[in-house]
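Me: I would like to learn how to read a model of this kind, feature by feature. Could we take the general idea each time, and then the case at hand?

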Amino acid sequence: MNPIQWTDQTFVNGPASSNSIKVRKHFVKYIDLAKQDLELWLEFNGVPLKWHYPIGVLFDLFLPDISLPWVITARFDKFPDNEILHCPSREAVESHFMSSVKEADALKHRGQVISVMQKKDHNQLWLGLQNDKFDQFWAINKKLMEMASGESEFKHIPIRFYCGNNAFIQKLIRPINDDGKRKTLRAVIEDIFPTEYSNLRIVTQGIEPSEETPIQWMSEHLSYPDNFLHLIVLSNF
């Protein structure tokens, strides 16, 4: 894509993957005909953006270098195969999202909630997210966020830790300690990063939650639409 000068600007929000179609539609008129069918990918400060990460996770990861509005480069050639996944279609995005939702439910409810949903429920969940229709999305998603009958916590917490541009870390986390008390964010971080804990801070959804926050509460109130907690691990140095 050759450098282009134009005066109109495009502002988008929502999942990075769902915005790819909007971005392509806007910029395709500027692209050489020979490249218009090539796969679109996004880049910031020379780093390819992982489309399968929630856009809030990407924003928190790059926050020290971001000024608003966030300026991202759209590219249509030289796809970085060794750094990001291909995104060949809208169906691929939906499939990846639903796989994450199913994994989260397996951790929280042993898969007992998603397994009894019908195809129309899955469609409503996805279309509500894709079209920014919160009520449509939440009518289904709230079932995934409820406790099983007779339980006050999830079986395990769907959680992923991000350290820079490396692959995320995911481990099996129970929401309660052996003594039956709710596990805090501090206890979780100490378990995952025992030697670095004192020099770390955690960011999610653009905020730094208190270390004393129960991880169960965070899962209920700070999870992303895929039902995972996505925690950015930053060094104090």
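Reply: Let us begin with strand pairing: in this predicted model, strand S5 is joined to strand S6 (residues 229-235) by 4 bridges, and the two run antiparallel. Within that pairing, Arg-201 has Leu-234 of S6 as its bridge partner, while Ile-202 is partnered by Val-233 of S6.

Me: Which strands make up the sheet, and in what order do they lie?

Reply: The general idea for a strand is that, when it is regular, its side chains alternate between the two faces of the sheet. Here the sheet is open and consists of 3 strands in the order S4-S6-S5, with mixed pairing. Strand S4 (159-162) and strand S5 (200-203) are the edge strands, each of them pairing on one side only, and the twist from one strand to the next averages 30°. S4 and S6 run parallel and are joined by 4 bridges, and in this pairing Ile-159 stands opposite Leu-229 of S6.

Me: How many residues of S6 are buried, and which helix lies across the strands?

Reply: Of the 7 residues of S6, 5 are buried, so that the strand is mostly covered. Helix H2 (residues 55-62) lies across S4, S5 and S6, and runs at about 5° to S6. Helix H6 (residues 185-192) also has a part in the packing, for its buried residues are Leu-185, Ala-187, Val-188, Ile-189 and Ile-192, and these pack against S4, S5, S6 and H7.

Me: Which residues of helix H5 are buried, and why do they line one face of the helix?

Reply: The way to read a helix is to list its buried residues and then to look down its axis. In helix H5 (residues 134-144) the buried residues are Phe-137, Ile-140, Asn-141 and Leu-144. They line one face of the helix because, seen down the axis of H5, they fall within an arc of 100°. What these residues pack against is helix H3 (90-109) together with helix H4 (119-130).

Me: What is the place of Leu-129, and is this residue buried or exposed?

Reply: Leu-129 belongs to helix H4. Its relative accessibility is 14%, and because the cut-off for burial is under 20%, Leu-129 counts as buried. Leu-129 also shows how separation in sequence and in space can be set side by side: Leu-129 and Pro-225 are 96 residues apart in sequence, with a C-alpha to C-alpha distance of 7.7 Å.

Me: How many salt bridges does a search of the whole structure find, and which parts of the chain does the pair of Glu-43 and Arg-75 link?

Reply: The general idea is that side chains of opposite charge can pair when their charged atoms come close. The search of the whole structure finds 8 salt bridges. One of them brings together the side chains of Glu-43 and Arg-75, at 2.7 Å from N to O. This pair links distant parts of the chain, as Glu-43 is in strand S1 (residues 41-44) and Arg-75 in strand S3 (residues 73-75), 32 residues apart. Glu-43 counts as buried, at 11% relative accessibility, whereas Arg-75 is partly exposed, with a relative accessible area of 28%.

Me: Which parts does the salt bridge of Glu-103 and Arg-160 tie together?

Reply: The side chains of Glu-103 and Arg-160 meet at 3.1 Å, N to O. Glu-103 lies in helix H3 and Arg-160 in strand S4, so this salt bridge ties together parts that are 57 residues apart in sequence. Arg-160 is buried, with a relative accessible area of 8%, while Glu-103, at 32%, is partly exposed.

Me: Which residues are linked with Arg-186 in a network of salt bridges?

Reply: The network links Arg-186, Glu-211 and Glu-212. Between Arg-186 and Glu-212 the closest N and O atoms are 3.2 Å apart; Arg-186 is in helix H6 and Glu-212 in the loop between S5 and H7, 26 residues apart. Both are partly exposed, Arg-186 at 34% relative accessibility and Glu-212 with a relative accessible area of 44%.

Me: Where does pLDDT stay under 50, and which element has the lowest mean pLDDT?

Reply: This score reports the predictor's confidence in each residue. The chain averages a pLDDT of 88, and 90% of the residues score at least 70. Among the elements of the chain, helix H1 (residues 16-27) has the lowest mean, 63, and helix H7 (residues 215-221) the highest, 98. The pLDDT stays under 50 over residues 1-8, for which the model has 13 contacts beyond four places in sequence, and also over residues 10-15, for which the model has 9 such contacts.

Note on methods:
Residues numbered from 1 in each chain as written. Predicted model: local features only at pLDDT ≥ 70, side-chain atom pairs only at ≥ 80, totals over all residues. Heavy atoms only, no water. Buried < 20%, exposed > 50% of the residue type's maximum accessible area, 1.4 Å probe, protein only. Arc of directions from axis to C-beta. Contact = heavy atoms within 4.5 Å. Pairing = 2+ DSSP bridges. Axes fitted to C-alpha atoms, helices over the stretch in contact; angles between N-to-C directions. pLDDT = per-residue confidence, 0-100. Salt bridge = Lys/Arg side-chain N within 4 Å of Asp/Glu carboxyl O.
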